[in-house]
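Reader: Hello! I am new to this structure and would love a close look at one part of it. Could you walk me through it step by step?

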Amino acid sequence: MLFREENYTEVSAFLIVGFPGLQLEHFHTVAWFLFILYVTTVVGNLVLVVMFALEHSLQKPMYIIMVSLVLSDVGFTTVALPKLIARYWWNDASIGFYTCHFQRHMIHYFGSLNSLIMLTMAMDRYLAVCFPLRYPMLMTAPTMTILTVFSWLVAHVFPGVTSINFTQISFCGSNEIIQAFCDTLSLTALACGDKRYLSGASYATAMFILLVPLGFVIFSYFCIIISVFHMTSGQGRRKTLSTCATQGCIISIYYIPRFFVYSAPHIPNMQMTSDSRIATTFFYSFFPPLINPFVYCLRTKEIKAIWSRWVQRLQVVQPKSSKTADVPKVK
């Protein structure tokens, strides 16, 4: 059980330290880098959302999952990056007590959501490859929409467990969060009293939402590989492996670094320095949302064809507008 401490200095705000070793003269450079990263991520992902909304040919189960992942990436980036940008642009490290807890909840919410999306993505590929004849009946657009909405709702449960635990503890001493944003590990380190229950419960919740979907992902890809080698068509084999390889890379970037960051405090002789933990967290948090739009545009034939068609239309419109502008006015 967790109990409130009676004697403590109440913490009303926290300080986002960010990268501890970063010198003050580099703050603006880092702020510009983070700003460009944020704009590129949001614009790149929203282009896919617009493409999905305008092109009816993309309104299929696989692309519904993709749009769900895109919206989750935009949400995560918007929750995490603006405050970090402000920290380095205006040296504004302060974040309110409840704002920090809200950010922590949403950070882990989108992390849990991504894990459920990866699970749904693996299930979709498993049914498409292993049961190709039954796939159109099993995985329809309405079915995928229901699964997607269910994922967005259920993902609140996992960070919600930790949020309830945090209401039962107090914070005292340092208010410096040695991380790029508010997260459970950083806030647990600042908690008063015995932290073992909070730390253990948070770790168990994180491992459940990570390892249960990962277990099915591994099982599904194992079955997919077996099915692929039984295919008679070489072209079909290459297409399936290409699609699964793309998703496999994204899934690996998502799961593997998270496992090490979450497990390091609980495994003897596996300690991470603050800088390495923050760098690893930064990598798995912001790299996948940045590359996902480019990966899907380059690796998905249908999206690549639509993108090429859009570019051709723009090239046709521009010469016409320039010719119209060159026509002299008759007086």
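In which crossing, left-handed or right-handed, does α3 pass α6?

Author: Happy to help! Please keep in mind that this is a predicted model. The crossing you ask about is right-handed: α3 passes α6 that way. Let us build up the picture around it.

Start with the two partners. Helix α3 covers residues 97–130, while helix α6 covers residues 157–166. Two packed helices are described by the angle between their axes and the distance between the axes. For this pair, the axes come within 8 Å and cross at roughly 155 degrees. Angles over 145 degrees count as roughly antiparallel, so α3 is roughly antiparallel to α6.

Now look at who meets whom. On the α3 side the residues are H101, R104, H105, H108, Y109 and S112, and they meet F158, P159, G160, T162, S163 and F166 of α6. Sorted by character, the residues of this contact divide into four nonpolar, seven polar and one charged.

Stay with α6 for a moment. This helix is mostly covered, with seven of its 10 residues buried. The buried ones are F158, P159, G160, T162, S163, N165 and F166. Besides α3, these buried residues pack against α5 (141–154), α7 (184–189) and α8 (196–229).

Back on α3, two further residues are worth a visit. One is C100, which lies in this helix. With a relative accessibility of 0%, C100 counts as buried, because the cut-off for buried is under 20%. Leaving aside neighbours within four places in sequence, C100 is in contact with F14, I95, I177, C182 and L187. Take L187 from that list: C100 and L187 are 87 residues apart along the chain, yet their C-alpha atoms are separated by 9.2 Å.

The other residue is T120, also found in helix α3. T120 counts as buried too, since its relative accessibility is 8%. If residues up to four places away in sequence are not counted, T120 touches I65, M144, L147 and S151.

Just before α3 in the sequence there is a small detail to look at. N91 lies in the loop between α2 (61–89) and β2 (94–96). Most residues other than glycine have a negative phi. N91, however, has a positive phi of about 55 degrees although it is not a glycine. At 48% relative accessibility, N91 counts as partly exposed.

Finally, step back to see where this part sits. The protein chain has 11 helices and three strands. Read along the sequence, the elements follow the pattern β-α-α-β-α-α-α-α-β-α-α-α-α-α. Of the 331 residues in the chain, 46% count as buried. Among contacts with a separation of 6 or more, 81% come from residues 24 or more positions apart.

The UniProt record, an unreviewed entry, adds the feature "transmembrane region" at several stretches, including residues 106–123 and 135–155. Two other stretches with this feature in the UniProt entry are residues 30–54 and 203–229. In the model, residues 30–54 are 100% helix and 0% strand, with end C-alpha atoms 36 Å apart. Residues 203–229 are likewise 100% helix and 0% strand, and their end C-alpha atoms are 38 Å apart.

Conventions:
Residues numbered from 1 in each chain as written. Predicted model: local features only at pLDDT ≥ 70, side-chain atom pairs only at ≥ 80, totals over all residues. Heavy atoms only, no water. UniProt positions renumbered as here; feature names shortened; annotations may be inferred. Helix = DSSP H or I, 4+ residues; strand = E, 2+ residues; numbered from the N terminus. Buried < 20%, exposed > 50% of the residue type's maximum accessible area, 1.4 Å probe, protein only. Contact = heavy atoms within 4.5 Å. Axes fitted to C-alpha atoms, helices over the stretch in contact; angles between N-to-C directions. Parallel < 35°, antiparallel > 145°, perpendicular 65-115°, else oblique. Left-handed = near helix turned anticlockwise from the far one by under 90°. Nonpolar A, V, L, I, M, F, W, Y, C, P; charged D, E, K, R; others polar.
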